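Subject: Structure for your review

Dear colleague,

Here is the structure I said I would pass on. My notes on it follow below.

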Amino acid sequence: LPGVRILVILREPIERAYSSYIYNYVQPSQRQQQQNQLMILPNSSNTNGLLLFSFEEMIQAELTFLKECLGPTNNGNKKVT
């Protein structure tokens, strides 16, 4: 195809995951806490009392979900609720 340009952007996966965690989870949690709308779970492994899950817990949950979705018996057909 003449005149076609391909742009490839690469990011370090852990840095990208942490950035997503901050943007999609930490910042909304902080806003909800400031508005007194956030329920804090007392048994969270995070010691600052703000976040419901630590970054490590979120990564582990994501890996578990991906393994279930992409496992050989599921063929990617897991229903997301």
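Phenylalanine 55 is a good place to begin: its relative accessible area is 15%, so this residue counts as buried, the cut-off being under 20%. Please bear in mind that the model is predicted, and that the values here are computed from it.

Leaving out neighbours within four places in sequence, phenylalanine 55 contacts Ile14, Ala17, Tyr18 and Tyr21. Phenylalanine 55 also belongs to the largest nonpolar core, together with Ala17, Tyr21, Tyr25 and Val26. Of the 5 residues in that core, 4 come from H1, which is the largest share. As general background, nonpolar side chains in soluble globular proteins tend to be buried together.

Next, the aromatic rings. The chain has 4 aromatic pairs. One of them joins tyrosine 18 and phenylalanine 55 in an edge-to-face arrangement, with 5.0 Å from centre to centre and 85 degrees between the planes. This pair links distant parts of the chain, since tyrosine 18 is in helix H1 and phenylalanine 55 is in helix H2 (residues 55-70), 37 residues apart. Is tyrosine 18 buried or exposed? Neither: its relative accessible area is 42%, so tyrosine 18 counts as partly exposed. Ring pairs also connect Tyr18, Tyr21, Tyr25 and Phe55 into a cluster.

The start of the chain has a nonpolar surface patch, made up of Leu1, Val4, Ile6, Val8 and Leu10. Together these residues have about 670 Å² of accessible area. Leucine 1 lies in the segment before helix H1 (13-34). Its relative accessibility is 89%, and because the cut-off for exposed is over 50%, leucine 1 counts as exposed.

Finally, some totals for the chain:

- The chain contains 2 helices and 0 strands.
- Of its 81 residues, 19% are buried.
- The exposed area is about 7,200 Å², with 57% of it supplied by carbon and sulfur atoms.
- Of the contacts between residues at least 6 apart in sequence, 30% join residues at least 24 apart.

Regards

Technical notes: Residues are numbered from 1 along each chain as its sequence is written. This is a predicted model: local features need pLDDT of at least 70, side-chain atom pairs count only at pLDDT 80 or more; totals for chains, interfaces and linings use all residues. Side-chain values use heavy atoms; hydrogens and water are left out. Patches are made of residues with over 30% relative accessible area and no salt bridge: like charges are joined within 9 Å, nonpolar side chains (Val, Leu, Ile, Met, Phe, Trp, Tyr) within 5 Å. Accessible areas come from the Shrake-Rupley method with a 1.4 Å probe; for residues, only the protein chains shown count as cover. A salt bridge is a side-chain nitrogen of Lys or Arg within 4 Å of a carboxyl oxygen of Asp or Glu. Buried means under 20% relative accessible area, exposed over 50%, partly exposed in between (1.4 Å probe, protein chains only). A nonpolar core is a set of buried Ala, Val, Leu, Ile, Met, Phe, Trp, Tyr and Cys residues joined through side-chain atoms within 4.5 Å. Contact means heavy atoms within 4.5 Å. Rings of Phe, Tyr and Trp (its six-membered ring) pair if their centres lie within 6.5 Å; planes under 30 degrees apart count as stacked, over 60 as edge-to-face and the rest as tilted.
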